[in-house]
Each structure stands twice: as C-alpha cells, then as structure tokens.
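The following exercises concern the architecture of one protein chain. Each task is followed by a solution in steps.

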Amino acid sequence: PVWSADGEWIYYSSGTLGSDSNSGWQVNRIRPLSDSAPDSVTAGIVQDVSTDGNQLALGIREDDSWNLWVMNLRTSEKWPVVQSESNSRMAIFSPDDNVIAYMSQEGPPVVRITSLDGTRYSKVSDEASVYPRWSPDGQYLYISNMVTQQYKVQTSPTYSQTGEPETMFYGGMAFPNGLDMFPDGERFAVISTVIRFDTTEQEGTELVWLQNWSDHLKRKFAE
C-alpha cells in the first residue's frame, strides 16, 4: 500500500499470487477510515504516488519482465519509463517529483535513477541493494541490504552518484523486508527478517523503529 502525500488516499494492488499478467493485478485506491468502495485505477502493480498526487509509478508486465511505467492520474495517460529484460521494482519519486529511484533486478539487484521520460538515467549502487529512499531535500538516497548506506546523487547537469557511500547503520544478520524514512529526515522505519544458521526455522518479521539515528551513530562510533 502507498499513501498519497495529502493522506486522502491509500493506493494498493490486488491480484492473484503467482500471476504473470497485467490482467491478474489491479491498482485500486480507497479513502482511509471510509465505508466507500475502492476505486479501480488501472491494471498493474502500484509502486509510488508523486508528492503532488498527480502521477503514479507502477509496474506493468511486458513479455517476461515487470517494467516501470508512469500514469498521469488526472488524464489517465500512461507511458513507459524503463523497458528492459530486468524487473524494475520499488520505484519512488524524488521530493520534487522529477526523478524516480528504483531497483533493477539484473542478476543481483541494483538501484538506479531515471527521469520520468526515461531519457536520463544512472546506476547508483554497484553492490546488491534494495529499498531506495530519498532524503527530504532530494540530495541523498538511502539504500539497504544488511547495511543501510547514504549515497549522494546529482541530477544536473548529468545523472550520477558522487563520492563514496556513507554507512548509516548495520542490521546485523537481519535482512530488510522494508525501509522508509520519516518526512523530517531524522528517523528510519525498518522491517527485517533475522537470518539464523543454527536452525532451518526463521524468526518472524520484526518491526524496528530507529529514532534519532544521527545520535545513534555518534554513540556507536564513540564506543
């Protein structure tokens, strides 16, 4: 599920697990805490809603891969942004709605950025990484694996990742199932699964709130 920026709508996808066709998945939206029926938006899988509420990033199945498309919610016009043999997932609009970060599943998953028309793009991470999240000012991307790192990105005059990534925090033997940043840029929300090697059974998903992460880092480096 994805909230609209104004909190008026929740966008979500419904479909049949294992379905490999657009007809098996539908994007809907519903007003929270309302008895009204959901509205059908389009076929595909929702990934994000732009800050201004006018555009939807979604996955559309083409041939053997899920490609990244954008839909104008006012006019219902849709256009392809990334079309390739690799699955494009976890798309998220930049704070100014001009750039999309997404995970490209080309072997080990990597994070890329692209313009909304798909003509300008760049790879951000060389290592396997997932769940890109923008800083509130749009200057940084936070990308997770077992280590969550901060990448500085630039979109003018060219798209690129600059400098060396900075480690924000280490998740131990916990693989992330979800990562998000609060609008104030001061806290992360992390959902992770703890990996255990002493048993074939895995622990359940754990919700971890990391508050005041900058102070947390200072304490860690002071130890």
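Two residues are in contact when heavy atoms of theirs lie within 4.5 Å. The model is predicted.

**Exercise 1. Characterise the overall fold content, burial and contact range of the protein.**

Step 1. The secondary structure comprises one helix and 19 strands.

Step 2. Of the 223 residues, 42% are buried.

Step 3. Take the contacts between residues at least 6 apart in sequence: 32% of these join residues at least 24 apart.

Step 4. The exposed surface of the protein is about 12200 Å², with 49% supplied by carbon and sulfur atoms.

**Exercise 2. Determine how strand β3 is paired with β2 and with β4.**

Step 1. Strand β2 (residues 10-15) runs antiparallel to strand β3 (residues 25-30), and six bridges join them. Within this pairing, Gly15 has Trp25 of β3 as its bridge partner.

Step 2. β3 also pairs with strand β4 (residues 39-43), again in the antiparallel sense, over four bridges. Here Gln26 is matched with Ala43 of β4.

**Exercise 3. State the strand order of the open four-stranded sheet and explain why one side of each edge strand lacks a neighbour.**

Step 1. The order is β5-β6-β7-β8, and the pairing is antiparallel.

Step 2. β5 (45-49) and β8 (78-82) are the edge strands; each has a single partner strand, so one side of each is left without a neighbour in the sheet.

Step 3. From one strand to the next, the twist averages 35 degrees.

Step 4. The pairing of β5 with strand β6 (residues 55-62) is antiparallel and extends over four bridges. One of the pairs places Asp48 with Ala57 in β6.

Step 5. The loop between β5 and β6 contains Asn54. The side chain of Asn54 forms a polar contact with that of Arg74 at 2.7 Å. Leaving aside residues up to four places away in sequence, Asn54 touches Met71, Asn72, Leu73 and Arg74.

**Exercise 4. Identify the largest nonpolar core and the strands that each supply at least two of its residues.**

Step 1. This core has twelve residues: Ile92, Val99, Ala101, Val111, Ile113, Val124, Trp134, Leu141, Ile143, Tyr151, Val153 and Tyr159.

Step 2. At least two core residues come from each of β10 (99-105), β11 (109-115), β14 (140-144) and β15 (147-154).

Step 3. Consider Val99 as an individual member: beyond four places in sequence, the residues that Val99 touches include Ile92, Ile113, Trp134 and Tyr159.

Step 4. A second, separate core has eleven residues, among them Val27, Leu56, Leu58 and Met71.

**Exercise 5. Describe the surroundings of β14: is this strand mostly covered or uncovered, and how does β14 pair with β13 and β15?**

Step 1. β14 is mostly covered, with four of its five residues buried; the criterion for burial is a relative accessible area under 20%.

Step 2. Strand β13 (residues 130-134) pairs with β14 in the antiparallel sense over three bridges. Arg133 stands opposite Tyr142 of β14.

Step 3. The hairpin of β13 and β14 has five residues between the strands, and Gly138 adopts a positive phi near 75 degrees in this hairpin.

Step 4. β14 and β15 run antiparallel and are joined by five bridges. They form a hairpin with two residues between them.

Step 5. The bridge partner of Leu141 in β15 is Tyr151. Leu141 and Tyr151 also belong to the largest nonpolar core.

Conventions. Residues numbered from 1 in each chain as written. Predicted model: local features only at pLDDT ≥ 70, side-chain atom pairs only at ≥ 80, totals over all residues. Heavy atoms only, no water. Buried < 20%, exposed > 50% of the residue type's maximum accessible area, 1.4 Å probe, protein only. Areas by Shrake-Rupley, 256 points an atom, 1.4 Å probe, with all protein chains shown as cover. Pairing = 2+ DSSP bridges. Axes fitted to C-alpha atoms, helices over the stretch in contact; angles between N-to-C directions. Core = buried A, V, L, I, M, F, W, Y, C linked by side-chain atoms within 4.5 Å. Polar contact = N/O pair within 3.5 Å; in protein donor to acceptor, adjacent residues only side chain to side chain.
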